[in-house]
Amino acid sequence: SFGPISRFLSATHAVHAEGNSRMIEGILINPWTAGYTLTFFEEASWECTGGLVTLWNQPKDLMFAAGKRLNADRVLVLEWGPRNFYAGRECEVTAWLVDQTRTPHAGRVRLSLAAGGKSTAGELAYRSRGRRVERIGAWRFRAPETTGFGTLLGQLETEAGSSTPPVKYQVFVGPAGRLAGLKADLGRLPEELRANLAGSGIKNGPGPILMDAAATTPIQLQAVRNEVKQGAAAIILHPETAGCLPPGLSSRPSRGWIFPSFHFLSEHPCFRDCRGDGVVGPAWAELAPRFSLQAEPASGRELIGGFLVQNYRAGLFGTSFSHGHDLVIQREGKGRVIFCTYRLLETVGRNPLADTLLANILAEAGR
């Protein structure tokens, strides 16, 4: 998925630095916090994902750059939601100032969003009252008419001529209506989910069977499997539900804990137009699986996407790594089942990355 091992190591390093940055930003803009700790400065042999330097005291450049920015006298933090932007739609980003000097001053924040070769820019003027945490204001803009991963960028400049280091966030910009006109058998879904998918443009009709295993009875599941064996295609979401998985497949938590969980994307049609650099990074925050699948290799089974998570064996100061997959295509009889652990039902219709991924999976199921 990554080619040289150095590219894989760089990818995990970037995810680590990004995750630490976002957590520290959340702490900084909370006026009820007074500080934070970072565990820890250098890595240990059994906790090899936590440090600012490696086991051999080699600095992790991205982590040091993030630490320098976040521990400066003044820090700019951008906040918004949902995570990604629909092309051409009105959007809003809130800018926060964290000022450890607590000195009244005036300035402006320069902002821009660039994706797919197009961009939009603006600025917010502000006057600080000398508080540690202040809301500068909201930047309202229209997202560029484009598709792809991009960068939301912000930089604060004071009237006295000082500035903060630029702050960058990965986002995905995609078209609205990506699912319009696509067909799927929605009859097995709860009414609320059917309505949401229909509102996103998916028509109920002949096509892959779409199921939510968390809202499916064993009898309904067996009925679908019988249809698949006769040649139907099915997409099962939330497959970690007990009793949903066939022999040779099991689920395990893959959200991460004290140790991170690294999810990556294979080169596959399911990830067309949304694979980016192959990392389930910041733009995937709302879709990233909380459970993933561990699969034994078998004939008729295709393993797509994946995860690595470090496990801590309490009391032994030892670690092991679990690995598995976030998408599994299983042939059953004359048909196929796609087990999908990405959180699509929670995000379709409000996140263009989710819309793109679901459209690809529907196309793969109907192939």
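Helices (H or I, at least four residues) and strands (E, at least two) are taken here as DSSP runs, numbered from the N terminus. With that in hand, Q220 is found in helix α4, residues 218-229.

The model is a predicted one, so local features need pLDDT of at least 70 and side-chain atom pairs count only at pLDDT 80 or more, while totals for chains, interfaces and linings use all residues. Residues are numbered from 1 along each chain as its sequence is written, and side-chain values rest on heavy atoms, with hydrogens and water left out.

**Accessibility of four residues**

Let us start with how open some residues are. Buried means under 20% relative accessible area, exposed over 50%, and partly exposed in between, using a 1.4 Å probe and protein chains only.

| Residue | Relative accessible area | Class |
|---|---|---|
| Q220 | 37% | partly exposed |
| T341 | 5% | buried |
| C91 | 12% | buried |
| C270 | 0% | buried |

**Q220 and T341**

Contact means heavy atoms within 4.5 Å. Leaving aside neighbours within four places in sequence, Q220 is in contact with M211 and A215. Its C-alpha lies 8.0 Å from that of R188, a residue 32 positions away in sequence.

T341 sits in the loop between β19 (335-340) and α5 (352-365). With the same four-place neighbours set aside, T341 is in contact with P239, P289, F291, S292, L293 and D326. Two of these partners also offer backbone oxygens to the T341 side chain: that of D326 at 2.9 Å and that of F291 at 3.5 Å. For such polar contacts, a pair of N or O atoms must be within 3.5 Å; within protein, one must be able to donate a hydrogen and the other to accept it, and residues adjacent in sequence count only if both atoms are side-chain atoms.

**A three-stranded sheet**

Strands of a sheet pair through backbone hydrogen bonds, either parallel or antiparallel. In this model, two strands pair if DSSP finds at least two bridges between them. One open sheet has 3 strands in the order β1-β3-β6, paired antiparallel. β1 (74-79) and β6 (133-142) each have a single partner strand, so one side of each is left without a neighbour in the sheet. Between β1 and β3 (residues 90-99) there are 6 bridges, and E79 stands opposite T94 in β3.

**Cysteines**

How many disulfides does the structure hold? There are 0, a disulfide being a pair of cysteine sulfur atoms within 2.5 Å. For C91, the nearest cysteine sulfur is that of C274, 19 Å away. The sulfur of C270 is 8.3 Å from its closest counterpart, in C340, which is too far for a bond.
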